[in-house]
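Reader: Please take a close look at the sheet in this chain. I would like the pairing of its strands, the exposure of its parts and the cut-offs behind each term.

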Amino acid sequence: MSLKLPMKFRELVDIELSDVEQPDTVWLANAACALTEDACGWSGWILDGVFKTKGSGGGAENSAATNLPSPDDQICPRCGKALFRTGVDLKFSTADDQSRTFELSAYETEPIEFIDATVKGK
Ligand SMILES: [Zn+2]
């Protein structure tokens, strides 16, 4: 059993850390699903911004910082309604030690196979 992915996306998926533009600063925002009477009441942390500041001449607040692509929309992960940003934010910087001292979410990995849809008979 393998996970079949389109060949055209291989360079997006089959990568190492050095292949992507790396952020050094991340902002999280605390948000709540509380804008309407029928909101679900979820509360938690969402991505506010993922920045590359090194080599751009300033901190994340500097307009020279590069805002890297990340899902920073304000949509409730439980019910899909718009979230209210509480104004509670936290800034994180890249750690020198990138070793994991705890397990992130547990998941099974399957081998990846790339399928070229432009080749007939595959
Ligand atoms: Zn919600």
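Author: **The open sheet and its surroundings**

From the N terminus on, the order of elements in the chain is β-α-β-β-β-β-β. That makes one helix and six strands, where helices (H or I, at least four residues) and strands (E, at least two) are DSSP runs, numbered from the N terminus. The radius of gyration of the chain is 19 Å, well over the 14 Å that the globule rule gives for 122 residues, so the chain is more spread out than a compact globule. Here the radius of gyration is taken over C-alpha atoms, and the globule rule is 2.2 Å times the number of residues to the power 0.38.

The model is predicted: local features need pLDDT of at least 70 and side-chain atom pairs count only at pLDDT 80 or more, while totals for chains, interfaces and linings use all residues. Residues are numbered from 1 along each chain as its sequence is written.

Along its principal axes the C-alpha trace spans about 55 × 45 × 30 Å. Of the 122 residues, 8% count as buried. A residue is buried if 20 or more other C-beta atoms lie within 10 Å of its own, exposed if 12 or fewer, and partly exposed in between, with C-beta atoms placed from the backbone. Among contacts between residues at least 6 apart in sequence, 61% join residues at least 24 apart; two residues are in contact if their C-beta atoms, placed from the backbone, lie within 7 Å.

Now the sheet. Four strands form an open sheet in the order β4-β3-β2-β5, with antiparallel pairing. β4 and β5 stand at the edges, each with a single partner strand, so one side of each is left without a neighbour in the sheet. From one strand to the next the twist averages 35°; axes are lines fitted to C-alpha atoms, and angles run from 0 to 180 degrees between N-to-C directions. Two strands count as paired if DSSP finds at least two bridges between them. In general, strands of a sheet pair through backbone hydrogen bonds, either parallel or antiparallel.

Starting at the β4 edge, three bridges join β3 (residues 43-52) to β4, and the two run antiparallel. In this pair Phe51 stands opposite Asn67 of β4. Next, β2 and β3 pair in the antiparallel sense over eight bridges. The bridge partner of Trp27 in β3 is Gly49. On to the other edge: seven bridges join β2 (residues 25-32) to β5, again antiparallel. Trp27 stands opposite Lys91 in β5, and Ala29 has Asp89 as its bridge partner in β5. The edge strand β5 is hardly covered, as the count of buried residues among its ten residues is zero.

Two loops adjoin these strands. Ala39 lies in the loop between β2 and β3. With 17 C-beta neighbours inside 10 Å, Ala39 counts as partly exposed. Leaving aside its neighbours within four places in sequence, Ala39 is in contact with Cys33, Ala34 and Lys81. Ala39 and Cys76 are 37 residues apart in sequence, and their C-alpha atoms are 9.2 Å apart in space.

Pro69 is placed in the loop between β4 (66-68) and β5 (84-93). It counts as exposed, with 7 C-beta neighbours inside 10 Å. The C-alpha atoms of Pro69 and Pro23 are separated by 9.9 Å, and the two residues are 46 residues apart along the chain.
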